[in-house]
Amino acid sequence: MANLQITGILEKMTGKDKDYRYMATSDLLNELNKETFKADADLEIKLSNIVLQQLDDVAGDVSGLAVKCLAPLVKKVSEARVVEMTNKLCDKLLNGKDQHRDIASIALKTIVCEVTTQSLAQSILVSLPPQLIKGITRDEHRDKCECLDILCDVLHKFGNLMATDHELLLNALLSQLNSNQASVRKKTVSCIASLASSLSDDLLAKATIEVVRNLRSKGVKPEMTRTNIQMIGALSRAVGYRFGPHLGDTVPVLINYCTSASENDEELREYSLQALESFLLRCPRDISSYCDEILHLTLEYLSYDPNFTDNMEEDTDEESHEEEEDDESANEYTDDEDVSWKVRRAAAKCLAALIVSRPELLSKLYEEACPKLIDRFKEREENVKMDVFNTFIELLRQTGNVTKGQIDMNESSPRWLLKQEVPKVVKSINRQLREKSIKTKVGAFSVLKELVVVLPDCLAEHIGSLIPGIEKALNDKSSTSNLKIEALIFTRLVLASHSPSVFHPHIKALSSPVLSAVGERYYKVTAEALRVCGELVRIVRPNIQANRALRQATLGTLNSLIVAYGDQIGSSAYEVIIVELSTLISDSDLHMTALALELCCTLMADRRSSPNVGLAVRNKVLSQALTLIKARCYRVKPFWPYIQSQCVAVLCLAAGDQKCSSTVKMLTEILKDDSSANSAKQHLALLCLGEIGRRKDLSSHVHIETIIIESFQSPFEEIKSAASYALGNIAVGNLSKYLPFILDQIDNQQKKQYLLLHSLKEVIVRQSVDKAEFQDSSVEKILKLLFNHCESEEEGVRNVVAECLGKIALIEPAKLVPALKVRTTSPAAFTRATVVIAVKYSIVERPEKIDEIIYPEISSFLLLIKDHDRHVRRAAVLALSTFAHNKPNLIKGLLPELLPLLYDQTVVKKELIRTVDLGPFKHIVDDGLELRKAAFECVDTLLDSCLDQVNPSSFIVPYLKSGLDDHYDVKMPCHLILSKLADKCPSAVLAVLDSLVDPLQKTINFKPKQDAVKQEVDRNEDMIRSALRAIGALNHISGGDCSLKFKSLMSEISRSPTLWDKYYSIRNE
């Protein structure tokens, strides 16, 4: 029945009446779009013939409908019919009448677009490319553009399926770069770029060599040169990092053309700068050696304006400038034939590419580029001015990325360098806010917004000069909603990031236009104005947060006053303070509670306090403190015994010597009961003895050290650990007696050595925390013992030795640093590793006197990263990671030398992989796994603290790419690094995105063996989620959709319900 209906439609489509043909073709289109439509072999032939016939219909609307019919028809007929239609259309395109050529071209594009299966694509590709090549290479110009258009679509979609034709296609296309027709050359550039992404490295090299040869040829017409420069840029955009090896041939040529072009050849300069921009973004690793030259070039052409001389004087009187505004705008220079603005725009974009791709050049950019950019805010061409603004915003964002989490602002810090430029930025931006152009003012507020985000408190001294610009943007009748929203967002950000006192003189001037904006008809303006009102209320009347900050400051001040001037404050005042403090002790604000309790302790510890003070604390504070402890103890369950033991120790000391002594005896009796049911009591008893012994000499209790050391024999690990802790802390109470005992036991008790070293560590750590010093003789004895154990076969022993050495170094840096350095050349690998780990333990977050002593010697320790022993290399990597986290400024100068060595540790070393024969089966052991994992984790830390010293491009490929395809333990940190790089250095990631897809795809599609245990299944699930998290970060990169492989990966994820559910849940975390 359906076929009869179609037959009727086909008959009407051949009628003489144009309207009948149109309606019949429309009916056919509706039928073809039905999912239930099916055609037999005969009907397929009729359909394909009639649709092709209708393409030539004299009525344009009928032929247009026929083209639309092709899209569903391709999916409803056999492959043979599609191939036949393609061949007929090709023949019509190449040999048909002129009036039919355009519609044949559109029809072919439609068919190519609708081919979705690989088998159909391969069938079409047998005959289509040769015919298109024939059309491209023959002398007639008439159908070259159409053939090039179609071929571009074919290559873009199926280029990887045409490998056998690549060389033929490339040769045909390269010859067209010399065509006399500009449209042919332009379309050829697009075609070669589409082909390039699937070319082999050899053919890519051939294409590049040919284009460079054309560029170097003398006597070539300028338009041909411009085409070849465009071709270079298009190639790099198409193939990304694969173009890197050819930069040595191309960059010098482009720079030469840029600088030597005639004054009127602006397009040549523009295309050269655009190509350099592409190199910076797509080949960031290989372009490194040319960055300085490109920087100077962009700065030179950022102000390139041969037809205009800016003789305007600097704005010295901001008020008078406003009156001259109309005259200035009226007299502004214009010249429709002047296209030098294209060069300035290309220079600004090239500089932006340099900024986003080279975080390590940030300080240099502030010295050389920042002043120039600020000066170019005065750019006369509005579109170029927007690009200058955007380039400066990229500089600000890169500063935020590089300095995120950094507190120090030394004179080499990008944030410090930016702060020096703030007055110039504000002065220049104020001039832009007085311009008539809405677009300019929106751009100016965008700059200010980013400035406040990166440097929150930088505008305190400039608020007064910015207020008129804000008022004008909000009050001026010509202001658009977009401008008002931008002005309000900036106002909110600046109010939120500065101290309220800064705005008090300007409240009236600010509030009037803001309140006026609340009444705007457009809801987005009203909403933003209300948000600003919320900030204004906070400034006029500080909220609870401000009161909280005030209370915290008050508590700290009272504490200091009582310590220093307690004798001038009466006890009655103490009692009043305690009553007030009792109201601050609450589970809802633990920081405030801690300050209140600390002040209570200070009050009670003051010897001038009367008994009433203690009574007031007991009545008003103690009950609340105990309630708080009960409420919180379940949250600190693992630490609860330690908290209990400290409380017991303090109570013992407060109760007096006699009660303290009886408590110690009771605790030692508990230890003598060795029944397993008593283990919890023994654990707590040991911790209590340690806490009491740390505060009070327990040498009067004979053989207490022997009683404690007997607990080393316990079958319970937590009791052994508590005994080690107790012995070390008791030694702190009487070093002269117990320290020699511990040292002697370490030498003589081999089986107990590990626990005894932990006891020694407790002694040393406590001394370093209390800033106490050992006697010289004790230090010598300790060092001799520790250095003797550096070569221990047990890793646990070596780690404790290293920690002890590191903590002694905090106490005696002048003595320890040289002693550690000497041993970096020890023939024993374990000794070299131990001293490097010792240095790791000596680097803490707070400033220490060791910092300036170790600074000149750091390289001696960290350069052991190239040691021949893997244990030493891993120790150096761990030490570097600690430096990067705690004291990055100490190592920044060494990073150019250290980073290549660190990256080398991420590579799988075959010599570290061995096979262990276990009889029935063999087991492969990778001894380099832990080293690779540590190296990647170190890079992760460096990206947080030293991004301005790291060149991400040289790391991503090949090192990160290799890590993404490594062992589970290596993949996980690599996924985190990739996510971080996608956020901080998107251009570097985008340049090599195609090469990162395969390892990620392999990871998310990995299936454990059927007999895998639950732990393996769970680990694999964690790894898939980790990879999807990284893919989500990549998906946020602007421009990521240019990567066909990444688009294919996202499509694959969306088609898999399991993967999509995981990806969706991760995206919404």
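**Warm-up: the domains**

The domain assignment, automatic or from a database, splits out domain 1 (549-636) and domain 2 (951-1068) in the protein chain. Keep in mind that this is a predicted model, where local features need pLDDT of at least 70, side-chain atom pairs count only at pLDDT 80 or more, and totals for chains, interfaces and linings use all residues. Residues are numbered from 1 along each chain as its sequence is written, and side-chain values use heavy atoms, leaving out hydrogens and water.

**Exercise 1.** Find what separates the centres of domain 1 and domain 2.

*Solution.* Take the centres over C-alpha atoms: 53 Å lie between them.

**Exercise 2.** Classify the ring pair of tyrosine 903 and tyrosine 959, then place both residues.

*Solution.*
- Step 1: rings of Phe, Tyr and Trp (its six-membered ring) pair if their centres lie within 6.5 Å; planes under 30 degrees apart are stacked, over 60 edge-to-face, the rest tilted.
- Step 2: here we get 5.4 Å centre to centre and 35° between the planes, so the pair is tilted.
- Step 3: tyrosine 903 sits in helix α47 (residues 895-904) and tyrosine 959 in helix α49 (residues 952-963), so the pair ties together parts 56 residues apart in sequence. Helices here are DSSP runs (H or I, at least four residues), numbered from the N terminus.
- Step 4: buried means under 20% relative accessible area, exposed over 50%, partly exposed in between (1.4 Å probe, protein chains only). Tyrosine 903, at 6%, is buried, while tyrosine 959, at 22%, is partly exposed.
- Step 5: look around, and Tyr903, Phe936, Phe955 and Tyr959 form one aromatic cluster.

Notes
Helices (H or I, at least four residues) and strands (E, at least two) are DSSP runs, numbered from the N terminus.
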